[in-house]
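Visitor: I should like to take a close look at a single residue of this model and then see how the chain around it is built. Please guide me through it in one connected account.

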Amino acid sequence: NFTGGAARFDHLLTNSRDLTVAAGSSLNAGDLSLGGAANTMTVAGAFTGVVDLGGGDDVLRLTTGGTFTGSAQGGAGSDTLELALGGTDAAPTALGATPFNGFETLSLQSGVVSVAGDYGFDTIQVRNGRLIGLAGSRLTASNIVVAQGATFGSAGAVTGNIAVAGT
């Protein structure tokens, strides 16, 4: 785990099941490969690089105050991109067009998040907060589930079955 200061690697290979880039720290990993088990990578600080989560049921968790620059590959297994972010209606956290590939689930835990570009998942869960698809975005998922108290809307294209308990 990276809990303070800065670290830089051209290639980083770890068999640790949990990797945290804590608030106030930064990791420039170039290419980061995690082992074949179920891994959890939490980004609360600054991360730059290309992540391969490997096999297993993995979670990439992006949290308030963290920055993720690069791309991530979920790999084999059932992988989740979990967003526990800040943002407001006036200034949403922009997910942008960062390539997150091979993730079966997008789970918004908190915050107001806007997405641009093309994103495809098996399931999108809006558990709390607000998920906004910007004009020109394309969100595709077999199931889009919006929980009570959560909000989902898009000015772009949405393809999938939507179940709304929220707004």
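Guide: In this predicted model, Thr-80 has a relative accessible area of 16%. Residues under 20% count as buried, and Thr-80 is therefore classed as buried. The residue lies in strand S9, which covers residues 80-84. Setting aside the neighbours within four places in sequence, Thr-80 is in contact with Asp-58, Val-59 and Leu-60, and also with Phe-103, Thr-105 and Ser-107.

From this residue the view may be widened to the chain. Strand S9 belongs to a chain that has 18 strands and zero helices. Of the 167 residues of the chain, 42% count as buried, and Thr-80 is one of the buried residues. Contacts across the sequence can also be described for the chain: among those between residues at least 6 apart, 15% join residues at least 24 apart.

The overall dimensions come next. A compact globule with 167 residues would have a radius of gyration near 15 Å, and the chain agrees with this because its own value is 15 Å. Along the principal axes, the C-alpha trace spans about 40 × 35 × 25 Å.

The surface and the charges complete the account. The chain has an accessible surface of about 7,400 Å², and carbon and sulfur atoms hold 50% of that surface. The chain carries 6 positive and 12 negative charges, and the mean positions of the two sets are 6 Å apart.

Terms used: Residues numbered from 1 in each chain as written. Predicted model: local features only at pLDDT ≥ 70, side-chain atom pairs only at ≥ 80, totals over all residues. Heavy atoms only, no water. Helix = DSSP H or I, 4+ residues; strand = E, 2+ residues; numbered from the N terminus. Rg over C-alpha atoms; globule rule 2.2 N^0.38 Å. Buried < 20%, exposed > 50% of the residue type's maximum accessible area, 1.4 Å probe, protein only. Contact = heavy atoms within 4.5 Å. Areas by Shrake-Rupley, 256 points an atom, 1.4 Å probe, with all protein chains shown as cover. Lys, Arg positive; Asp, Glu negative; His and termini not counted. Charge placed at Lys NZ, Arg CZ, Asp CG, Glu CD.
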